Amino acid sequence: TIGVVRLGMPQSVTYRARTTEAINHNSSGSVELYKDASTTGSGFEVTAYLSWMSASGDTIANGTDVLVMGLPQDKRWYIVGAACPA
């Protein structure tokens with residue numbers, strides 16, 4: 001769930017996060033948001049969707065660093081970037 005206080009035009013919010021499970025194209029999974037610019041987890045998890053920015057067969061592995069964006073108009077978090085697999 002995304003909480004939004006609107007003081008003008010709606011804004012998107014982007015966070016660094018790490019997947020806590022594998023996430024496939026056109027599905028969703030849990031990610032833990034980082035609490036600051038480090039890679040320290042906050043203990044706060046959200047459900048993030050891998051859909052419109054991915055292609056069939058794309059998978060993001062468990063433990064991958066990602067960027068997630070909350071879109072108020074959809075009331076969802078989306079994965080908008082992911083670290084390249086090693």
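Trainee: How do β6 and β7 pair, parallel or antiparallel?
Mentor: Antiparallel, over 6 bridges. Keep in mind that we're looking at a predicted model.

Trainee: What's G70's bridge partner in β7?
Mentor: That's W77. G70 itself belongs to strand β6.

Trainee: And what stands opposite V13 in β6?
Mentor: G70 again. On the β1 side, residues 13–19 pair with residues 65–71 of β6 in the antiparallel sense, over 6 bridges. Another pair to look at there is Y15, which stands opposite V68 in β6.

Trainee: Is G70 buried or exposed?
Mentor: Buried, because its relative accessible area is 3%, and the cut-off for buried is under 20%.

Trainee: How far is G70 from V80 in space?
Mentor: The C-alpha atoms are 9.9 Å apart, with the two positions 10 residues apart in sequence numbering.

Trainee: Back to the hairpin. How many residues sit between the strands β6 and β7?
Mentor: There are 4. K75 is found in that loop, and its phi is positive, about 55°, although K75 is not a glycine.

Trainee: Buried or exposed, that K75?
Mentor: K75 counts as exposed because its relative accessibility is 72%, where exposed means over 50%.

Trainee: Which other residue should I check for a positive phi?
Mentor: Try N26, where phi is near 60°, and that's a residue other than glycine too. You'll find N26 in the loop between β2 (23–24) and β3 (27–34). N26 has 58% relative accessibility, so it counts as exposed.

Trainee: OK, new topic. How many helices and strands are in the chain?
Mentor: 0 helices and 7 strands. Reading along the sequence you get β-β-β-β-β-β-β.

Trainee: What does β3 pair with?
Mentor: One partner is β1, antiparallel over 3 bridges, and there A17 stands opposite L33 in β3. Another is β4, also in the antiparallel sense, over 7 bridges.

Trainee: Which residue stands opposite E32 in β4?
Mentor: E45, so you have a glutamate facing a glutamate in that pairing.

Trainee: How do β4 and β7 run, parallel or antiparallel?
Mentor: Parallel, with 2 bridges joining them. In β7, Y78 is the bridge partner of Y49.

Trainee: Where do the side chains point along a strand, in general?
Mentor: In a regular strand they alternate between the two faces of the sheet.

Trainee: What comes after β4? Where is S51 found?
Mentor: S51 is in the loop between β4 (41–50) and β5.

Trainee: Which residues is S51 in contact with, leaving aside its neighbours within four places in sequence?
Mentor: H25, N26 and Y78. You've met two of those already: N26 is the one with the positive phi, and Y78 is the bridge partner of Y49.

Trainee: How far apart are S51 and V80?
Mentor: In sequence, 29 residues; in space, 9.4 Å from C-alpha to C-alpha.

Trainee: Let's talk pockets. How much space lies in the largest pocket?
Mentor: About 220 Å³. It's lined by 15 residues, and the closest to its centre are D58, T59, I60, A82 and A83.

Trainee: Which strand gives the most to the lining of the largest pocket?
Mentor: β7 does, with 4 residues. Strands β5 (59–60) and β7 (76–82) each supply at least two residues of that lining.

Trainee: How many of the lining residues are nonpolar, polar and charged?
Mentor: 10 are nonpolar, 4 are polar and 1 is charged.

Trainee: Now the whole chain. What share of its residues is buried?
Mentor: Buried residues make up 26% of the 86 in the chain.

Trainee: And how much surface does the chain expose?
Mentor: About 5600 Å², with carbon and sulfur atoms supplying 51% of it.

Trainee: Last one. What share of the contacts with a separation of 6 or more comes from residues 24 or more positions apart?
Mentor: In this chain, they account for 51% of those contacts.

Note on methods. Residues are numbered from 1 along each chain as its sequence is written. This is a predicted model: local features need pLDDT of at least 70, side-chain atom pairs count only at pLDDT 80 or more; totals for chains, interfaces and linings use all residues. Side-chain values use heavy atoms; hydrogens and water are left out. On a 1 Å grid over the protein atoms alone, a cavity is a set of points where a 1.4 Å probe fits but cannot get out, and a pocket is an open set with protein on both sides within 12 Å along at least five of seven lines; lining residues have an atom within 4 Å of a point. Grid points are joined across faces, edges and corners, and a volume is the space filled by probe spheres set on the points. Ala, Val, Leu, Ile, Met, Phe, Trp, Tyr, Cys and Pro count as nonpolar, Asp, Glu, Lys and Arg as charged, and the others, Gly among them, as polar. Contact means heavy atoms within 4.5 Å. Buried means under 20% relative accessible area, exposed over 50%, partly exposed in between (1.4 Å probe, protein chains only). Accessible areas come from the Shrake-Rupley method with a 1.4 Å probe; for residues, only the protein chains shown count as cover. Two strands pair if DSSP finds at least two bridges between them.
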